[in-house]
Amino acid sequence: MTESSESTIQHDDGRVELRAPGELEGSALYNVDLAPVPVVRRTWTTWDYAALWISMAHCIPTYTLASGMIDSGMSWWQALGTILLGNLIVLVPILLNSHAGTKYGIPFPVFARASYGTRGSNLPALMRALVACGWFGINAWIGGAALQTFFVEIVPAWGGALGTLHGVPTTQWISFLMFWALNIVIIYRGMELVRRVERWAAPFVLVMTAILVVWAIYRADGLGPIMASHGKLDDTGAFIKVFVPSLTATIGFWSTLSLNMPDFTRFGRSQREQAIGQIVALPSTMTVFAGMGIIITSATVIIYGNPISDPIQLGGMFHNRFIVGVVMFTVVVATLAVNIAANVVSPANDFANAFPSKIDFKRGGLITGVIGIAMMPWELIKDPERYINGWLVGYSGSLGAVAGVLIVDYWILRKRTLDLASLYVAGGAYRYHEGYNLKAIGATFAGALVALAGMFWEPMRPIYNWSWFVGFGLAGVLYWLMMRGSVTSGPHPGLAEARIAPPR
């Protein structure tokens, strides 16, 4: 290994760690959950990252995403092609932002301090956290619905036992809160349990869904009318009108992870292993699982007389306690795996970054859960148009702007070199203007504002349909123009004077 500075050790494989992390423990920007992971604890392998993506992609929103596109007029192969292309595109920023996590062992909000400032990093972190809270709520509602279906099959009187509340059976609210609590319990057990859940959930959900596909094809004596359909978009103009927002929505599906993958790659054993695991697993799994959803939905047209794209509703139609139990258990496992990995780990770190001395990873996870309920997820997924063209397309523009700033800063301006110790010191290299890099913040707001203008102003609607691309490109270019020549890589010369006092 070779020394890179007074404060860090650089290993032969390029990974960097702090020489004396205890010196930073008294900093207001440091806590145990945000600290860089020591190299000895960076143990995640290729399979861990593949399993992570397999388990996250095997979720109900993935299952139903293609069905929503088919409902908009696409054929099954157009829908799957759109999903594959979107995932290949979003894989690029995912891999680019993953690099810093593996090299320095730092989570996303700490990585964002390099470009946004030690205090300004709260802007992208909290933007990401609020989206995750919404997703957490959506998946908790889906998991609660699976529990409710299972309970009703076991005890039929359960459904109407306590009347209704806001038009929904009161017992369904109870099932929702039970699933919500299960998520919080796992988060309170820490990241090692999260890894174990992801490793086990990935193959289980894939095998059970494959069994359901075989059953559907057998019962329908074939693949069904949806698979035979050529779609309803007869000309190029009509197809593009549906394709563009659908592609943006697919990118928006994982635009959150394109920012916060350092939360996971900080535990990576090598750059090669984390990259291969993600490249192999994300686009393939997402497309295959969406294809399974299409096959099953198509078969239900023949089996039941109408398309059933909701696997929870489909599972409840078997009227066999054992089969219903297996299907609902599979849905619960799938939803739990994606919710914890994609929607709790990141915001827990993001909220901890805002108040390092008061909020740790566990408290951040609890805050995520509470806000997830407050965002009323049952309303977000009620309308497919609102879900795809509102929720997914809407936030992708703002998160695309953040990705543009992060990637330009790390890969172009800093050439993949950060001052690790300064990320945890208020007066170090990333202080900027009292902890805020106003240029990064300005570029982000400009990119997001232009990307989202079409949501409110119809003449800008075509730009809104490309919101992730517009936000990413505009923010990245503006940030580069404002920052070129003013960024230096390597250790900050004033870091020695910025050392914090040892903890008392």
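This is a short tour of a predicted model, with stops at a cavity, a helix and two single residues.

**Stop 1: the cavity**

Rolling a probe the size of a water molecule over the atoms shows where empty space is left. A search of the whole structure finds one cavity of 30 Å³ or more, and its volume is about 90 Å³. To see its walls, select Cys59, Pro61, Trp135, Asn139, Phe253, Trp254, Thr256, Leu257, Val338, Ala342 and Asn343. Now colour the elements that give two or more residues to this lining: α5 (122-154), α9 (236-260) and α13 (321-343). Which of them supplies the largest share? Helix α9 does, with four residues. By residue type, the lining holds eight nonpolar residues and three polar ones, with no charged residue.

**Stop 2: helix α13**

Keep α13 (321-343) on screen. Select the C-alpha atoms at its two ends and take the distance: they are 31 Å apart. With 23 residues at 1.5 Å a residue, the helix should span 33 Å, so the two values agree. Next, show the rest of the structure around the helix. Of the 23 residues of α13, 18 are buried, so the helix is largely enclosed by the rest of the structure. Then go to the start of α13 and select Asn320 and Phe322. A side-chain oxygen of Asn320 comes within 3.0 Å of the backbone nitrogen of Phe322.

**Stop 3: Ser55**

Select Ser55, which sits in helix α1 (residues 46-57). Is this residue buried or exposed? Its relative accessible area is 2%, and buried means under 20%, so Ser55 is buried. Leaving aside neighbours within four places in sequence, Ser55 is in contact with Glu198, Ala201, Ala202, Ala334, Ala337 and Val338. One of these, Val338, also belongs to the lining of the cavity from the first stop.

**Stop 4: Glu17**

Finally, select Glu17 in strand β3 (residues 16-18). At 15% relative accessibility, Glu17 counts as buried, because the cut-off is under 20%. Show the side chains of Glu17 and His11: a polar contact of 2.7 Å joins them. Apart from neighbours within four places in sequence, the residues in contact with Glu17 are Ser7, Thr8, Ile9, His11, Pro38, Val39, Arg42 and Leu420. For a last distance, pick the C-alpha atoms of Glu17 and Val40. These two residues are 23 residues apart along the chain, and their C-alpha atoms are separated by 9.8 Å.

Methods: Residues are numbered from 1 along each chain as its sequence is written. This is a predicted model: local features need pLDDT of at least 70, side-chain atom pairs count only at pLDDT 80 or more; totals for chains, interfaces and linings use all residues. Side-chain values use heavy atoms; hydrogens and water are left out. On a 1 Å grid over the protein atoms alone, a cavity is a set of points where a 1.4 Å probe fits but cannot get out, and a pocket is an open set with protein on both sides within 12 Å along at least five of seven lines; lining residues have an atom within 4 Å of a point. Grid points are joined across faces, edges and corners, and a volume is the space filled by probe spheres set on the points. Ala, Val, Leu, Ile, Met, Phe, Trp, Tyr, Cys and Pro count as nonpolar, Asp, Glu, Lys and Arg as charged, and the others, Gly among them, as polar. The expected span of a helix is 1.5 Å times one less than its number of residues. Buried means under 20% relative accessible area, exposed over 50%, partly exposed in between (1.4 Å probe, protein chains only). A polar contact is a pair of N or O atoms within 3.5 Å; within protein, one must be able to donate a hydrogen and the other to accept it, and residues adjacent in sequence count only if both atoms are side-chain atoms. Contact means heavy atoms within 4.5 Å.
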